Amino acid sequence: MTELNGEPAGIRELTALAMTNYGHFTTMRVEAGRVRGLSLHLDRLVRDCGVLFGTDPDRDRIRELVRRTVADTTGPLTVRVTVYDPDLGLERPGAEATPRILVTTRPAAAPSLPPLNVRIAPHHRDLPEVKHVGLFGLLRLRRLAQLDGYDDVLLTDERGAVSEGATWNVGFFDGDRLLWPDATCLPGVTQQLLRRGHGGPQHTERIDPDRFGELQAAFALNAGAGVRPIRSIDGVEFDPEHPVLDTLRKVYAATEAEPL
C-alpha cells in the first residue's frame, strides 16, 4: 500500500522522491492498530520537518493517514511515513515547500531475527540527528560488508568511537550496566523506550573498539526488529544468548503500545 496525503501515489510524485531525495521519515511496527512509541515517532516527524522544511506537520493528520492505510490489512506491518515535497526540485530546493505525507506498508519482519555479525566502518552521516532519506552512504557500506561475509556495519565517528549501526542504535552490557555510546547519532525510538523502561544501572559513555573484549553482550535496536543480538564485531565475540538480552526483550514487550 502506498498513499500520498490519503490518495494513491502517482508516478510523478514517486519519481520526484527518487530524483530529488530530500525528505525525512520514520518507520514503525503496527500490530492490531497499535504502535509502541507512537508519540516518539510523531515527535520525530514534527521535529525533523521543522529542521528540513521549517513547518510543523499535523500529528492527528499523520495518525489518520496511517490508520487509513492499515485499515484493511491483517497481521503485523512495517509502516514507513515519509515527509517530502514532490514539487521541490533540484534547481531550487530553497523554494517555499509544502511537504506531503507518504505512507507505505510492507509485512513486518519476524519477531526474532538471528544475531548479527558486523564490522566497523568509519562514517559520519549527514545531519545524523535527523532520520532523513539520504541513505546512499549507509547502504553502500552495508553492501560492501555483506559482500565480505558480514551482515552489517557499526559506525565509528571522527574520534574512532562507536556511534550507531547503519539503520539501528547499538547498546552494550559490561556485566553490571547497560552502556550507550556517547556520540552523535540518531535518537532511536526503541532505544528511548528501553532507556526509560529498564530499571537497572545504565550509563552513557565513550565506547572505543578496543574495549569490546571487556563487554559481555552487544545488541542492535530498531522499531522493526526490537532487540537483536550482535554475535561479533570485527571478530570480537559476544554472547548472543546473554540473559540481559532476554530482560531487554521483556522490557520492550511490556511497553504499552499506543492506539493509532
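Of the 260 residues in this chain, 48% count as buried, meaning under 20% relative accessible area with a 1.4 Å probe, protein chains only. Keep in mind that this is a predicted model, where local features need pLDDT of at least 70, side-chain atom pairs count only at pLDDT 80 or more, and totals for chains, interfaces and linings use all residues. Residues are numbered from 1 along each chain as its sequence is written, and side-chain values use heavy atoms, with hydrogens and water left out.

**Overall fold**
- The chain has six helices and 16 strands, counted as DSSP runs (H or I, at least four residues, for helices; E, at least two, for strands).
- Its C-alpha atoms fill a box of roughly 50 × 40 × 30 Å along the principal axes.
- Residues 24 or more positions apart make up 68% of the chain's contacts with a separation of 6 or more, a contact being heavy atoms within 4.5 Å.

**Nonpolar cores**
- The largest nonpolar core (buried Ala, Val, Leu, Ile, Met, Phe, Trp, Tyr and Cys residues joined through side-chain atoms within 4.5 Å) has 23 residues, and Val 66, Val 79 and Val 81 have the most contacts inside it.
- At least two residues of this core come from each of β3 (24–30), α2 (38–53), α3 (59–70), β5 (77–84) and β6 (100–107).
- The largest share, six residues, comes from α2.
- Another core lies apart from this one, with 17 residues, among them Leu 116, Ala 220, Ile 233 and Phe 238.
- Setting aside neighbours within four places in sequence, Val 66 touches Val 79, Val 81, Val 103 and Leu 260.

How values were computed:
Buried < 20%, exposed > 50% of the residue type's maximum accessible area, 1.4 Å probe, protein only.
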